[in-house]
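Reader: I am in my first year of study and would like to examine one part of this protein closely. Could you please take me through the sheet and its surroundings?

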Amino acid sequence: MVTPAKSTWTGNQSLSEWDQIECTTYESVIYFYDPATTHFHAITQTLIDSLSHALVHFYPLAGRLRSFDNGRFELECNAHGALFVAAKLNADLAHFREDHFTPTPDFDRFLLPHINESLPIHELPLCLVQLTKFRCGGLSLSLTTSHIVTDGTSAANFMTEWARLARGLPLGKAPLLDKKAFRVGEMGRTPRFDHSKHFSNMPFLLKQPTVEELKKMKTTMVTLKLANEQVQKLKKRANQDRQISTTLETSRPYTRYEVLASHIWRCSTKARKHQREQPTACAITIDSRKRLQPPLPFSYFGNGVFDVMASCTSGDLLSKSLGFGASKVRSAIEMVTNDYILSAIDFLKSQQDLTEFQCSYKSSTNGGGKYCGNPNVGVVNWMNLAFEGIDFGWGKEIHFGPVYHQVDGDVWIFRSGDEDESLLIVICLLVEHVKAFKKYFFDDI
């Protein structure tokens, strides 16, 4: 257990509404490195020492959570520390390198620290790291943090600063820990918007599978690489559709995220062979930092993200153009303004219990919480996060990405790290839908 190198502030910290909804379990990322010339013991000690110094600045990660009966949490900053595991694995890096390091159950089994979630929540560390040395000399480094304490931007900033300290550099940008921008500690006001649709469940299948069918359903993860030329081709087609539309002629061109989310949404709908009348949704993760007035800096540490939902029927999504799906995604994104964010916070403050607004990536449902999975997708945009290029002193990673997930429809888009500006799309699908999805994904470009 690695504790802060110096004394840090101790006490109970109230959390924002964004910290306490959506995924309330753990999220992990992983880095792979080619064999290093530095001895494994020296690497281990460097990481432990620099982590200890990083926790001085990012001290919430050394704390513990307390939960209440109404689905709410509180952060106890007590410097109890982050868990660090050093391990050696009798396998080569090549075992994990197949298909662009596509996550498999072996990622969880061998490369992540075990979390005993049967323990009371106040005994669980909020930050867990595992350094693994492979038989060939290669390395992996996984970071697991409580999603109640960090979002992707916060985790990426933490990794960047930790790596700087490991290389003997000063902190580049101190985390902003003040949560006043999200009205923490204030009384809720009357919401200015109707948030019933925003916080409602995503659609269910019209034809629900039987218990026996559910038992047979297995998910797997797939990684697909998109060349920059292919991305530009999709963007060009979607924006041609936009120019034909009379309502969107004067709007700015669709972004690559809006276009790719539409393409993935359409391909998954085709592969799943939905009925025309089947409602379907695409969950879009919005970072509210830049949408607040004044904007919050990206150094804000905590959850600045939440999901919004683009929805329509499968028939409309597939019978209309790629630009139609992109327009649905854009409409959901542009709904999120400063006033909308503050109104959503007021809506959540007015709720007696937040459990129904929470979900777990351990399963499709979590005690009556939000539903994820078929007929929906959730497309997470990591293209602009500072997750890559993390050098602790033995060189930058050869791959960065998510770990193994089992929720049908979970998607991540991020840069491949190659100089050709290509992207990687990692998606979790039912095994029976993978072949068709791959075909549509590339054929429809």
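Author: Two strands are said to pair if DSSP finds at least two bridges between them. The model discussed here is a predicted one. With that meaning of pairing, one finds an open sheet of 6 strands, arranged in the order 9-16-15-13-10-11, and the pairing within this sheet is mixed. The edges are taken by strand 9 (219-226) and strand 11 (305-313); each has a single partner strand, so one side of each is left without a neighbour in the sheet. From one strand to the next, the twist averages 20 degrees.

Within this sheet, one pairing may be followed in detail. Strand 13, residues 377-381, runs parallel to strand 15, residues 410-415, and 4 bridges join the two. Across this pairing, Val-380 has Trp-412 of strand 15 opposite it.

A helix also packs on the sheet: helix 7, residues 256-272. Helix 7 touches strand 9, strand 10 (279-287), strand 11, strand 13, strand 15 and strand 16 (423-430). The direction of helix 7 makes about 150 degrees with that of strand 10.

The sheet may now be placed in the whole protein, which has 11 helices and 16 strands. The radius of gyration is 22 Å, close to the 22 Å that the globule rule gives for 445 residues, so the protein is as compact as a globular protein of that length. Its C-alpha trace spans about 60 × 55 × 50 Å along the principal axes. Of the 445 residues, 55% count as buried. Among contacts with a separation of 6 or more, 78% are between residues 24 or more positions apart.

Aromatic rings give an example of such a link between distant parts of the chain. A pair of aromatic rings is described by the distance of the centres and the angle of the planes. The protein has 27 aromatic pairs. In one of them, the ring centres of Phe-199 and Phe-347 are 5.2 Å apart and the planes stand at 10 degrees; because planes under 30 degrees apart count as stacked, this pair is stacked. Phe-199 belongs to the loop between helix 4 (152-166) and helix 5 (211-216), whereas Phe-347 lies in helix 10 (residues 338-349), 148 residues apart from its partner. Since buried means under 20% relative accessible area, Phe-199 is buried at 6%, and Phe-347 is buried at 18%. Elsewhere, one aromatic cluster is formed by Tyr-33, Phe-58, Phe-158, Trp-162, Phe-301, Phe-392 and Trp-394.

Terms used:
Residues numbered from 1 in each chain as written. Predicted model: local features only at pLDDT ≥ 70, side-chain atom pairs only at ≥ 80, totals over all residues. Heavy atoms only, no water. Helix = DSSP H or I, 4+ residues; strand = E, 2+ residues; numbered from the N terminus. Axes fitted to C-alpha atoms, helices over the stretch in contact; angles between N-to-C directions. Contact = heavy atoms within 4.5 Å. Rg over C-alpha atoms; globule rule 2.2 N^0.38 Å. Buried < 20%, exposed > 50% of the residue type's maximum accessible area, 1.4 Å probe, protein only. Phe/Tyr/Trp six-rings, centres within 6.5 Å; stacked < 30°, edge-to-face > 60°.
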